[in-house]
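Q: Hey, I've just opened this one and don't know where to start. Could you walk me through it?

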Amino acid sequence: MNGQLEQEEDQNLEEYKALTSTLSSFYNFHKWEYEELIKPRNIKQASLSEQELELIPWYPKHTSDLEMAIGINEEFTKSLAMNIAADWGVSSNAQEWAACSDSDYDKVRSTLLQLSREWSTDGEKEREITFGRIIKELTDRFPNEKERQNIKILVPGCGLGRLVLDLVKEGFWCQGNEFSYHMLLTSNFMLNHCKFANNYSILPFVHKQSHVIKRLNQLRPITIPDVNPTSIHELATKNPEIPYGDLMSMTAGSFVDLYGPPNLMYSETYSSDPVANQFRNENHERFDVLTTCFFLDTASNIIDYLKAIFHCLKPGGIWINFGPLLWHFEDDSQTHFVTKQLSKGGALQSIPTIMKGLELTREDLIELVKKIGFIFEKHESDIETSYSSDIRSLGTYVYKCESWVCRKPSSI
């Protein structure tokens, strides 16, 4: 019993450390921005001759403007950190929080870009191509708005929660799942602490040094959110028979750990924890629909993802996917140990593996999806879209994405 208590204490300590280090990265983000943006420019300026500075007289003023932009971002990131700390019952003294790494700060930088994608007018085009396609598929399949509350949808890798909110506004029961603390805390802030549209201003493009048309584009603020997240309560007044306020939920943790089948390999993202086991059992064949958007390629082991999708869908349930095949771990040679049964009836073994190594081609992935047991109803390839891009940039990365609807057989 003492060993179990010590294990639980260690787990709680790790979770507290992960939470507070994420809060620290938001709270102290302005310091990192200064090191990344202002300090290098000051060093560069000091190295230029008077004649060179005369050629670019705007340079010192632009550096000063960037410093002001950092201050505006600071107001937002500190507000987020303090509000979320209060929500989670964490000390309001940021000095007591765990330290964070440079990679944590970089995640805040990308979170600001993600806010532009999901929660600003700048992201409308990207949302229409991605979220819009998914929403249209579902509203076409389930045209009776009053009956949609009985359709249970799961959105793993839900990011900052916009797709979950938009599906709830259409009357669907929807559960989002997210693993990243940066995404979870920010989605919590957007959904619960933004009381009206255009509540906050941020400058997400200050770190974009290339493909910039003019300096004002780099320094332009965007306002978030573009819609009032609490507007679902207004919908409840118009349609009292639909309980909008009860249709949304969020879970924090690994998708395969919370929704996968039993007996996957035990690792950092799949545990033998009794609570996780119980939650997995409760989610077996629970959902009518599962939708993945820019999610599949976040897998180190895509087989586990596909097994988890199949496991939590009801017989006859549908899986809607949209996204590219930019395998996130293709350059990650980090070694870790997993516990797995290598042969049927054999004992569990601890074996080394690496993050990279299971990056499939489109052809191979489609074949694997079919072998898992799914039946393709629709499939479209090479749909072009960007991701968290600056719509005023001279250049951006364009993905060719896969879009499909698969069905789990009604009887197996």
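A: Sure, we'll go from the overall picture to the sheet and then to a couple of residues. Keep in mind that this is a predicted model.

Q: Good to know. How many helices and strands are there in the protein?
A: You'll find 15 helices and 11 strands.

Q: And what box do the C-alpha atoms fill?
A: Taken along the principal axes, the box is roughly 75 × 55 × 45 Å.

Q: What about the radius of gyration, what would a compact globule have?
A: With 412 residues, a compact globule would come out near 22 Å, and the protein has 23 Å, so the two agree.

Q: What share of the residues counts as buried?
A: That's 48% of the 412 residues. On the outside, the protein exposes about 20500 Å², and carbon and sulfur atoms supply 50% of that.

Q: Okay, on to the sheet. What's the strand order?
A: There's an open sheet of 7 strands, ordered S5-S2-S1-S6-S7-S11-S10, and the pairing is mixed. Strand S5 (248-252) and strand S10 (375-385) are the edge strands, each pairing on one side only. On average, neighbouring strands here are turned by 15 degrees against each other, ignoring direction.

Q: Which way do S6 and S7 run, parallel or antiparallel?
A: They run parallel, joined by 6 bridges. Valine 289 stands opposite isoleucine 318 in S7. To get from S6 to S7, the chain goes through helix H14 (residues 302-312), and this β-α-β crossover is right-handed.

Q: And S7 with S11, parallel or antiparallel?
A: That pair is antiparallel, over 6 bridges. Phenylalanine 322 is the residue that stands opposite serine 403 in S11.

Q: How many of the residues in S7 are buried?
A: 9 of its 11, so the strand is mostly covered.

Q: What about S1 and S2, how many bridges do they pair over?
A: They pair over 5 bridges, in the parallel sense; S1 covers residues 152-156 and S2 covers 173-178. Proline 156 sits opposite asparagine 177 in S2.

Q: Which strands does helix H7 lie across?
A: Helix H7 (residues 131-141) lies across S1, S6, S7, S10 and S11, and runs at about 150 degrees to S7. Helix H9 (residues 181-193) also packs on the sheet, where it touches S2 and S5. The direction of H9 makes about 155 degrees with that of S5.

Q: Switching to single residues: where does glutamine 114 lie?
A: In helix H5 (residues 102-119).

Q: Is that glutamine 114 buried or exposed, and why?
A: Glutamine 114 is buried, because its relative accessible area is 8% and the cut-off for buried is under 20%. Leaving aside neighbours within four places in sequence, glutamine 114 is in contact with Leu160, Met183, Tyr387 and Ser388.

Q: And where is tryptophan 88 found?
A: Tryptophan 88 is in the loop between helix H4 (59-87) and H5. It is partly exposed, with a relative accessible area of 38%. Not counting residues up to four places away in sequence, tryptophan 88 touches Leu19, Tyr181, Leu185 and Asn188.

Q: One last thing: what separates the C-alpha atoms of tryptophan 88 and aspartate 364?
A: Those two atoms are separated by 43 Å, and the residues are 276 apart along the chain.

Terms used: Residues are numbered from 1 along each chain as its sequence is written. This is a predicted model: local features need pLDDT of at least 70, side-chain atom pairs count only at pLDDT 80 or more; totals for chains, interfaces and linings use all residues. Side-chain values use heavy atoms; hydrogens and water are left out. Two strands pair if DSSP finds at least two bridges between them. Helices (H or I, at least four residues) and strands (E, at least two) are DSSP runs, numbered from the N terminus. Axes are lines fitted to C-alpha atoms, for helices over the stretch in contact, and angles run from 0 to 180 degrees between N-to-C directions. Contact means heavy atoms within 4.5 Å. Buried means under 20% relative accessible area, exposed over 50%, partly exposed in between (1.4 Å probe, protein chains only). A crossover is right-handed if, with the strands pointing away from the viewer, the path from the first strand over the helix to the second runs clockwise. The radius of gyration is taken over C-alpha atoms; the globule rule is 2.2 Å times the number of residues to the power 0.38. Accessible areas come from the Shrake-Rupley method with a 1.4 Å probe; for residues, only the protein chains shown count as cover.
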